[in-house]
Amino acid sequence: MKIYLNDKLVDREDAKVSVFDHGLLYGDGIFEGIRLYDGCVFKLDEHLERLEYSAKAIMLQMPWSREEIAEAVCETCRANGLKDGYIRLVVTRGVGSLGLSIKNCDKPQLIIIADTIQLYPKEFYENGLKIITVPTRRSNPAALPPTVKSLNYLNNILAKIEAQHLGYHEAIMLNDQGYIAECTGDNVFVVHKGELITPAASAGALRGITRDTALEIAEELGIPWREANLTRYDIWVADELFLTGTAAEIVPIVEVDARPIGNGKPGPITGRFLEVFRRIVSKQGTML
Ligand code: PMP
C-alpha cells in the first residue's frame, strides 16, 4: 500500500509522523473522508472546499493549492490500483514544541490514505438501524465549531462509546440547548408529513457533503425541505428518519429511544433517496 505523505508516495511502513506533531499532541489538524466510486472521486471539489474552510477557521495555512491536493488524491488512488474505496485526507499542524503555541509549527503535514472500504452491513439498509440519543452533548459552536472537521473527535467518540455500551451502533447527539445536532459521525434527517427537515449547522451539525447531496435529491424529487431546530419529540413522531454520511451513504433509522419510527420499517421516501443517491454516485465525480 502506498500512502501520500507531504509531497510524495511512500510505502505504508515508511508513512510516519513525528511524536512532536501537534496533530498527535493536541488533535490540532483537520481531515476529510472521501469516497471513490467506479474510478471517480465523489464531490472532490466540495470536500477540498470544506478542508480549506476548516483550515481557515483554525488558522492553519496550507502550502498546497486545491489543484495540487486534488492531484495528490487521484495519484494516491491510482498508485493503489483502486476503483472503489475510501480516502482519508489529513492535514496536521505539523511538528512544533511542547506547548499549545503554533508559532514553531511551520510545516503542516499532508497525509492521504486510500483503501478499500468496509461497507456497512446490508441489513442496515434493508431493515434499518435502531439508535438512541445519548447524554454527551455536541460541542457548542462558540467553543469548537462542529462545522470544522477537526482531528479533535473526542466529543463524538464519547457519544459513540455511550451508544456502544448500550448495544447500539450510532447515536443522536443533542446540542447544549437540547435540540438535535447530528449523529456521532453522520447527519440526521426527519421526514414528516411529506417534508424533509434537518438541523442547521448552527445547531451543531457538520455541513456534510452527503447532507448537501440529500438536499439536492430533495430538490430533484420535488420534496420540500427546511432546516429547523428539532427536539427529541420531533424525532420520535417522525414518519421516517435517515442518516447521511460519506461512509454510511443513506441509512434508514427505524427506532429511536425504543420508539419505532413510522411503522418500524424503512420508509418509502428514504428508499427513494437511497435509489437516487446510488444513481448519482455511479456517474459523477472527478475521474482518476
Ligand atoms: N457529522 C460528523 C460529525 C461527521 O464526522 C461526518 C462525516 N463522517 C458527517 C456528519 C457526515 O459528513 P459527510 O457527509 O461529509 O461525510
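**Reading strands, rings and a ligand site**

Q: Where should I begin with the sheet: do strand E1 (residues 2–5) and E6 pair in the parallel or the antiparallel sense?

A: Strand E1 (residues 2–5) and E6 pair in the antiparallel sense, over two bridges. Keep in mind that this is a predicted model. To follow one bridge on screen, pick Tyr 4, whose bridge partner in E6 is Ile 112.

Q: How many bridges join strand E5 (residues 85–92) and E6?

A: There are seven bridges, and the sense is again antiparallel. A handy residue to locate here is Thr 92, which has Gln 109 as its bridge partner in E6.

Q: How many residues of E6 are buried?

A: The general idea comes first: side chains of a regular strand alternate between the two faces of the sheet. Now the case here: strand E6 (residues 109–115) is mostly covered, with five of its seven residues buried.

Q: Let's turn to the rings. How many aromatic pairs are there?

A: Two rings pair when their centres lie within 6.5 Å, and planes over 60 degrees apart make the pair edge-to-face. By this rule there are six aromatic pairs. Take Tyr 37 and Phe 42: their ring centres are 6.0 Å apart and their planes meet at 85°, so this pair is edge-to-face. Phe 42 also pairs edge-to-face with Phe 277, at 6.1 Å centre to centre and 80° between the planes.

Q: Which parts of the chain does that pair link?

A: Distant ones: Phe 42 belongs to the loop between strand E4 (40–41) and helix H2 (44–57), while Phe 277 sits in helix H8 (residues 268–281), 235 residues apart. Tyr 37, Phe 42 and Phe 277 form one aromatic cluster.

Q: Why does Phe 42 count as buried?

A: The cut-off is under 20% relative accessible area. Phe 42 has 6% relative accessibility, so it counts as buried. Phe 277 is buried too, at 2%, and so is Tyr 37.

Q: Which ring does the charged end of Arg 259 sit over?

A: That of Trp 236, at 3.6 Å from the ring centre. You can also look at Arg 278, which lies over the face of Tyr 125, 5.3 Å from the ring centre.

Q: Finally, how many residues surround the ligand?

A: There are 16, and the closest are Tyr 153, Glu 182, Ile 209, Thr 210 and Thr 246. For polar contacts, check N and O atoms. A polar side-chain atom of Tyr 153 is 2.5 Å from a ligand oxygen. In the side chain of Glu 182, an N or O atom lies 2.6 Å from a nitrogen of the ligand. For Thr 210, a side-chain N or O atom is 2.5 Å from an oxygen atom of the ligand. Taken alone the ligand exposes 390 Å², of which the protein buries 91%.

How values were computed: Residues numbered from 1 in each chain as written. Predicted model: local features only at pLDDT ≥ 70, side-chain atom pairs only at ≥ 80, totals over all residues. Heavy atoms only, no water. Phe/Tyr/Trp six-rings, centres within 6.5 Å; stacked < 30°, edge-to-face > 60°. Buried < 20%, exposed > 50% of the residue type's maximum accessible area, 1.4 Å probe, protein only. Helix = DSSP H or I, 4+ residues; strand = E, 2+ residues; numbered from the N terminus. Lys NZ or Arg CZ within 6 Å of the ring centre and 35° of its normal. Pairing = 2+ DSSP bridges. Near = heavy atom within 4 Å. Polar contact = N/O pair within 3.5 Å; in protein donor to acceptor, adjacent residues only side chain to side chain. Areas by Shrake-Rupley, 256 points an atom, 1.4 Å probe, with all protein chains shown as cover.
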